[in-house]
Amino acid sequence: GSFVVAGLQIACIEIWSQLYVFFDRVAVQFFRLFEGSIAALGYATTLYTMMLSIFALSVGKAIFPFLSVQVARGNKKEQAQLLSDGIRWMILLSLPVTGSFFALSNEIVQLVFQRGNFDASATIVTAGALKIFCIGLPFDAVYAILVGYFYSLRDYRYMVLVSLLSIIVKILVGVSLTISYGYLGLAASTVGAVICRVMLMAIRLNKHNVPFCTIPENHVLLWKSFLAVLPGSLLAVYTVPLFSPLIHSFFKISVLSNLLVISTGFGMVFLLYGFTLRLVRIPEWFMFAEKMRSFGAYLKP
């Protein structure tokens with residue numbers, strides 16, 4: 001029955017998602033990339049997935065029950081409001097995380113993986129792939145919300161089409177970029193597939209009478225948030241290499257020094273991001289600040 005058909009369609013979606021890794025392995029052998037390319041992509045994917053799970057998938061899972069209720073009730077207005085709020089918050093949260101991981105990719109890879117046979121050269125290679133993957137984080141974060149909504153609508157056929165087209169984009173972009181950029185081209189092809197997936201799903205929202213891309217306020221939020229994250233990210237990119245050797249020379253334990261460098265970089269990005277959001281008067285920032293003040297008052301004895 002329909003249950004079996006839906007199960008097969010979901011299976012196709014999951015299988016095609018796993019073809020990303022299979023294509024990377026085939027491309028590495030076909031283009032004869034240097035030994036360790038697959039390992040670098042795998043380690044970078046592990047860090048990226050961890051980052052995505054903490055900051056994006058958790059929000060997507062939290063909003064999914066509320067979306068399901070509104071879909072069951074057929075309330076298009078509430079669906080549009082929930083999706084718009086969820087995506088706006090996801091963009092606001094994912095951008096500073098993206099900037100932080102991009103700026104501190106070397107330090108993060110060094111802290112998590114550099115030991116034994118995983119030397120400094122492996123850290124540099126893996127950090128390069130992680131930088132590329134980070135570009136796709138805001139899109140993957142938005143996808144975490146959209147995929148729950150489309151599952152609620154049981155629009156499995158379109159999801160299968162999106163998965164198929166995204167793997168085609170992955171292959172085409174991967175082949176064209178790997179020739180010139182090696183394993184970084186494979187990482188970029190994954191990001192291209194993620195962007196394609198989100199764009200196709202955003203277009204589909206109009207068919208369900210739940211517009212997001214056509215709302216001017218969402219365009220303003222996107223550009224203001226993107227511009228707001230640039231100062232802190234650029235500052236971290238150029239200043240972390242300056243103060244990092246000082247911290248490493250002061251702390252003899254490398255784990256502590258790496259943690260301090262990463263914490264300082266994250267703090268730099270998030271503080272400047274919040275300050276800039278306040279300057280450009282993003283309404284969600286004031287809502288977040290008010291909730292933090294309420295939470296602080298609740299913790300006081």
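Thr98 is found in helix α3, which covers residues 76-103. With a relative accessibility of 12%, Thr98 counts as buried, because the cut-off for that class is under 20%. Beyond the residues up to four places away in sequence, Thr98 touches Cys134, Leu137 and Pro138. This is a predicted model, and the remarks below apply to it as such.

**Overall make-up and confidence**

The protein has eleven helices and zero strands. Read from the N terminus on, its elements run α-α-α-α-α-α-α-α-α-α-α. Of the 301 residues in the protein, 45% are buried. Among contacts with a separation of 6 or more, 80% are between residues 24 or more positions apart.

The mean pLDDT of the protein is 82, and 88% of its residues reach 70 or more. Confidence is highest in helix α5 (residues 120-135), at a mean of 94, and lowest in helix α11 (residues 283-299), at 52.

**The nonpolar core**

In soluble globular proteins, nonpolar side chains tend to be buried together. The largest nonpolar core here has 73 residues. Those with the most contacts inside it are Leu83, Phe101, Leu130, Leu146, Tyr149 and Met201. Helix α2 (residues 37-73) gives the largest share of this core, eleven residues.

Met201 can be followed further. Not counting residues up to four places away in sequence, Met201 touches Tyr143, Leu146, Val147, Phe150, Tyr158, Met159 and Val162. One of these partners, Met159, also figures in a pair that is far apart along the chain: its C-alpha atom is separated by 9.4 Å from that of Cys12, with the two positions 147 residues apart in sequence terms. Cys12 has its place in helix α1 and is partly exposed, with a relative accessible area of 31%.

**The largest pocket**

The largest pocket has a volume of about 1,000 Å³. Its lining is made up of 30 residues, and Ser17, Thr49, Leu52, Asp140 and Arg197 lie nearest the centre. By character, the lining residues divide into 15 nonpolar, nine polar and six charged. Helices α1 (2-30), α2, α6 and α8 (183-207) each supply at least two residues of the lining. The largest share, twelve residues, comes from α2. Helix α2 thus appears in both descriptions, with the largest share of the lining of the largest pocket and the largest share of the largest nonpolar core.

**Two buried serines**

Ser166 is found in helix α7. At 1% relative accessibility, Ser166 counts as buried. Leaving out residues up to four places away in sequence, Ser166 touches Tyr20, Ala193, Cys196 and Arg197. Arg197 is also among the residues nearest the centre of the largest pocket. Ser17, another of those residues, is 149 residues from Ser166 in sequence and 8.8 Å from it in space, C-alpha to C-alpha.

Ser152 has its place in helix α6 (residues 137-153). With a relative accessible area of 15%, Ser152 is buried. Apart from neighbours within four places in sequence, Ser152 is in contact with Phe64, Leu67, Ser68 and Val71.

**Loop residues with positive phi**

Arg32 lies in the loop between α1 and α2, and its phi is near 55 degrees, a positive value in a residue other than glycine. Arg154 lies in the loop between α6 and α7 (156-181), and its phi is near 60 degrees, again a positive value in a residue other than glycine. Arg32 counts as exposed because its relative accessibility, 77%, is over 50%. Arg154 is exposed as well, with a relative accessible area of 65%.

**Accessibility of the residues discussed**

| Residue | Relative accessible area | Class |
|---|---|---|
| Ser166 | 1% | buried |
| Thr98 | 12% | buried |
| Ser152 | 15% | buried |
| Cys12 | 31% | partly exposed |
| Arg154 | 65% | exposed |
| Arg32 | 77% | exposed |

Key:
Residues numbered from 1 in each chain as written. Heavy atoms only, no water. Helix = DSSP H or I, 4+ residues; strand = E, 2+ residues; numbered from the N terminus. Buried < 20%, exposed > 50% of the residue type's maximum accessible area, 1.4 Å probe, protein only. Contact = heavy atoms within 4.5 Å. Core = buried A, V, L, I, M, F, W, Y, C linked by side-chain atoms within 4.5 Å. 1 Å grid on protein atoms, 1.4 Å probe; cavity = no way out; pocket = protein on both sides within 12 Å on 5 of 7 lines; lining within 4 Å. Points joined across faces, edges and corners; volume = space filled by probe spheres on them. Nonpolar A, V, L, I, M, F, W, Y, C, P; charged D, E, K, R; others polar. pLDDT = per-residue confidence, 0-100.
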